[in-house]
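Subject: A structure for you to look through

Dear colleague,

I am passing on the structure we talked about, and below it I have written out what was found, part by part. Please keep it open while you read.

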Amino acid sequence: MNVASATSSDSPQWFKADWFWAGEGDTPRRGVFIETQSGLISDITPTTPAKFVDLGPAAILPSLANPHCHLEFSDLSEPLSPPLPFADWIGKTVAARRNRTDWPSSIQSGLQEVNHAGVGLLAEIVTQDDLSVYPETTSPLLMLFREFLAFDETQAAGQLQTLKSFLSEQKAGAVRGISPHAPYTVCLADLEDCVALAREFQTPLMMHLAETQAELEFLYHQTGELVDMLKRIDLWRPERYEQGVRPLHYLQLLDANLPCVIAHGNYLDDEEISFLARRPHFSVAYCPRTHAYFEHRPHPWRKLAEAGVNVTLGTDGRGSNPDLDIWKDAQFVKQQQPDANSRFLVQMATVNAGRALGQDLRLRIGQPARWAVVSPTGNDLSPFSDWDALLLRQTRRQSVIMG
Ligand SMILES: [Zn+2]
């Protein structure tokens, strides 16, 4: 059976894997059977049914989810280089966008890559109006976040209109959101308008925030490489910004009781972490390999998690990451920080990512029958002995969506 493809059946089907983790607790169940019917999980039981699909030594986990990606850069064979200074790298992303000749094939190849990586749910930042480049896919399920950025009031008004049409044309079942880009392209007044629209349409939000030290300097002092970049391209409008602003001011405006993903959050300070910890609708998407590419100081993901913030993993786009395989980002953290808890890293790449996007991915009776299968490959096909083995051994990941 090709478990990578979605299948549909009204009659019950049963699956058995050696390792089953529903997305909560520390301990996987071994050798249980999942029954599905009409696209839902109808039972999870140790009782052997008359017939079942035996997945052998594989693990069944909640769907892998990637809450922060830019598929448009999927045509890049390697990250844009050099990564620093950051403002110059931003300039390279703009140039890459301008020079792109075949947008649909870039999105398409990104989606194929994401599917090949076994990711079942993907949040994509959309930067163009033609949505026909996003084909109807069963896997990954797509959440589209329309990007907003503006350098003056006329542009802001036009962008808000674009957002409105984007949200009004939402099809049933699809989930669209708003992504105010970043503080150096979205002033506080524009952010207020974006969030008002999110409230009106009850859509999730996502914003790059506390990503670089250059951004902090831009906000607080209106100096540094980001101001210089905007001056160079004649887009610096100092009257749109005021001194003494911090990421906290952006968080306060984003606080709309709607799912809100803070992309990166590399430089969130203690006050901002405690602000987020008191508001469960916020999540932080740590993008490990992108973070390393830009040589940031250590990411505060453990501090965030200990404070009670929902922390998840993202890939970002191929402009800063070598691929779109979220599992490899989890492996990367474990390799760089061997004392990191492997089970928690898996949680970050699955249920935490779902929660960040307002979706409950836990495997429970009555929930949609969709999950990830992690199968051993290579020379060692024995069952996984523990969480470290699951995360670090050579495996293949597949997304299953029954329905
Ligand atoms: Zn990004």
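In which loop is the place of Pro85? Pro85 sits in the loop between β6 and α1. Before going further, please bear in mind that this is a predicted model.

**The loop before α1**

That loop, which runs between β6 (64–69) and α1 (86–99), also holds Pro82. The peptide bond from Leu84 to Pro85 is cis, with omega near 0°, and the bond from Ser81 to Pro82 is likewise cis, with omega near -5°. As background, most peptide bonds are trans, and most residues other than glycine have a negative phi.

**Two residues with positive phi**

The second half of that background helps with Ala210, which has a positive phi of about 50° although it is not a glycine. Ala210 belongs to the loop between β10 and α5 (213–221), and because its relative accessibility is 0%, Ala210 counts as buried. Gln222, also a residue other than glycine, has a positive phi near 55°, and its place is in the loop between α5 and α6 (225–232). With a relative accessible area of 14%, Gln222 is buried, because buried means under 20%.

**The zinc site**

Which protein atoms are the donors of the zinc ion? They are NE2 of His68, NE2 of His70, NE2 of His208 and OD of Asp316, and they lie 2.1 to 2.4 Å from the ion. Along the chain these donors follow the spacing H-x1-H-x137-H-x107-D. Distant parts of the chain are linked by the pair His208 and Asp316, which are 108 residues apart: His208 is in strand β10 (residues 205–209), while Asp316 is in the loop between β13 (310–313) and α11 (326–336). Both His208 and Asp316 are buried. The angles among the 4 donor atoms run from 84 to 170°, and the site is irregular.

**Helix α3**

Helix α3 (residues 153–168) has 16 residues, which at 1.5 Å a residue should span 22 Å, and its end C-alpha atoms are indeed 22 Å apart, so the expectation and the model agree. Its buried residues are Ala156, Leu160, Leu163, Phe166 and Leu167. These cover an arc of only 120° around the axis, and therefore they lie on the same side of α3. It helps to recall that an α-helix has 3.6 residues a turn, so residues three or four places apart point the same way. The buried residues of α3 pack against β8 (141–148), β9 (175–180) and α4 (188–201), whereas Thr154 and Gln161, on the other side of α3, are exposed. At the N-terminal end, Asp152 caps α3, with a side-chain oxygen 3.1 Å from the backbone nitrogen of Thr154.

**Gln359**

Is Gln359 buried or exposed? Gln359 has a relative accessible area of 19% and is therefore buried, since the cut-off is under 20%. Its place is in the loop between α13 (351–356) and β14 (370–376). If we leave aside the neighbours within four places in sequence, Gln359 is in contact with Leu121, Met143, Gly354 and Arg370, and with the side chain of Arg370 the side chain of Gln359 makes a polar contact of 2.8 Å.

With best wishes

Conventions
Residues are numbered from 1 along each chain as its sequence is written. This is a predicted model: local features need pLDDT of at least 70, side-chain atom pairs count only at pLDDT 80 or more; totals for chains, interfaces and linings use all residues. Side-chain values use heavy atoms; hydrogens and water are left out. Helices (H or I, at least four residues) and strands (E, at least two) are DSSP runs, numbered from the N terminus. The expected span of a helix is 1.5 Å times one less than its number of residues. Buried means under 20% relative accessible area, exposed over 50%, partly exposed in between (1.4 Å probe, protein chains only). The arc is that of the directions from the helix axis to the C-beta atoms. Contact means heavy atoms within 4.5 Å. A polar contact is a pair of N or O atoms within 3.5 Å; within protein, one must be able to donate a hydrogen and the other to accept it, and residues adjacent in sequence count only if both atoms are side-chain atoms. Donors are N, O and S atoms within 2.8 Å of the metal (3.2 Å for Na, K and Ca); water is not among the atoms, so sites may look incomplete. Four donors count as tetrahedral if all angles lie between 85 and 135 degrees; four count as square planar and six as octahedral if opposite donors are over 155 degrees apart and all others between 65 and 115; anything else is irregular.
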